Amino acid sequence: MALTLYERVGHEGRRPSPFSWRVRYALRHKGVAADYVAVRFADVEIIRRLSGQDMVPVLVDGDRAIHDSWRIALHLEDRFADRPTLFGGDRARGMARFISNWSDTVLAPLLRRVIYADFIWCLHADDRAYFRQSRERDLGMTFEEACADPAAGLIRFHQAMVPLEHTLEEQLFIGGAGPTYADYAVFSVLQWARLGSPRDVIEHGSAVHGWRLRMIALFDGLADAFPAYPGQPK
Ligand SMILES: N[C@@H](CCC(=O)N[C@@H](CS)C(=O)NCC(=O)O)C(=O)O
């Protein structure tokens with residue numbers, strides 16, 4: 001039975017969602033083919049009908065519609081148990097959950113304060129007003145105010161990345177010798193910044209930079225399969 005992934009599409013075919021990126025990597029890791037359906041924020045009724053909630057990604061597998069990237073990853077791991085393990089075992093599954101939560105609750109909010117004013121231009125022109133209004137309400141300020149001091153924002157982001165930098169000084173991937181879902185969860189947020197801003201948020205020459213190059217190269221250069229900002233960082 002074919003799988004179908006519903007994912008966010010942005011301006012001129014861009015793929016702006018970190019959550020979809022990590023699922024794309026997970027599918028490739030498992031070697032599982034899927035069809036992809038691109039949806040705008042305005043297509044929320046399609047997603048509601050399918051899954052009973054508003055967010056993408058949503059994976060449809062037969063008569064099941066699974067939402068939330070973490071739950072999709074669990075589904076793929078268990079459903080395709082004979083394929084390469086996504087987490088690296090049951091104990092590593094628990095650690096991947098922590099790393100995925102760290103990525104979403106620490107790294108992504110710090111990056112928003114650096115790239116949000118750029119990122120809005122990656123979205124479909126008719127989705128921008130909704131995105132700005134809903135996210136600025138959450139932030140309590142405009143994107144321009146949130147990103148008024150990107151240099152200070154980057155310092156805070158780099159401080160949060162120190163544990164990752166030290167880890168990658170010692171090993172090739174967060175998963176050790178090879179990438180696992182923990183790598184995809186963190187990389188997806190960096191990929192969101194990479195495609196969502198002309199500013200590079202990673203220091204060249206750092207261990208994280210070397211790791212990002214390895215992640216970009218995975219799966220025949222999957223990270224570069226869609227349009228990016230001009231002058232996109234490597
Ligand atoms: N916890 C979810 C988060 C997904 C998410 O935040 N998706 C956003 C961005 S693409 C979304 O669909 N938002 C709908 C909206 O804001 O109306 C996951 O991991 O999949």
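1. Let me start with a contact at the ligand: one of its nitrogen atoms is 2.9 Å from an N or O atom in the side chain of Asp68. Please keep in mind as you read that this is a predicted model.

2. Two further side chains deserve a look at the ligand's oxygen atoms. In Tyr130, an N or O atom of the side chain is 2.4 Å from an oxygen atom of the ligand. In Arg8, a polar side-chain atom lies 2.8 Å from a ligand oxygen. As for cover, the ligand taken alone exposes 510 Å², and the protein buries 81% of that.

3. Now the wider surroundings. Besides Arg8, Asp68 and Tyr130, the residues around the ligand are Ser17, Phe19, Phe41, Asp54, Met55, Val56, Pro57, Ser69 and Arg135. By class, this shell divides into six nonpolar, two polar and four charged residues.

4. Where does the ligand sit? You will find the ligand in the largest pocket, which holds about 1,100 Å³ of space. The lining of this pocket comprises 42 residues, and those nearest its centre are Phe19, Phe41, Met55, Val56 and Arg135. These five residues also appear in the list of residues around the ligand.

5. It is worth tracing which elements build the pocket. Those giving two or more residues to the lining of the largest pocket are α1 (18–30), α2 (44–51), α3 (69–79), α4 (90–119), α5 (128–139) and α9 (181–196). Of these, α4 gives the most, with 10 residues. Sorted by class, the lining of the largest pocket has 21 nonpolar, 15 charged and six polar residues.

6. Do check the backbone at Pro57, one of the residues around the ligand. The peptide bond leading from Val56 to Pro57 is cis, with omega near 10°. Pro57 belongs to the loop between α2 and β3 (58–61). For context, most peptide bonds are trans.

7. One more backbone point, this time at Glu12. Glu12 is not a glycine, yet its phi is positive, at about 50°. Its place is the loop between β1 (3–8) and α1. In general, most residues other than glycine have a negative phi.

Definitions and conventions
Residues numbered from 1 in each chain as written. Predicted model: local features only at pLDDT ≥ 70, side-chain atom pairs only at ≥ 80, totals over all residues. Heavy atoms only, no water. Near = heavy atom within 4 Å. Polar contact = N/O pair within 3.5 Å; in protein donor to acceptor, adjacent residues only side chain to side chain. Areas by Shrake-Rupley, 256 points an atom, 1.4 Å probe, with all protein chains shown as cover. 1 Å grid on protein atoms, 1.4 Å probe; cavity = no way out; pocket = protein on both sides within 12 Å on 5 of 7 lines; lining within 4 Å. Sits in = over half its atoms within 2 Å of the grid points. Nonpolar A, V, L, I, M, F, W, Y, C, P; charged D, E, K, R; others polar. Points joined across faces, edges and corners; volume = space filled by probe spheres on them. Helix = DSSP H or I, 4+ residues; strand = E, 2+ residues; numbered from the N terminus.
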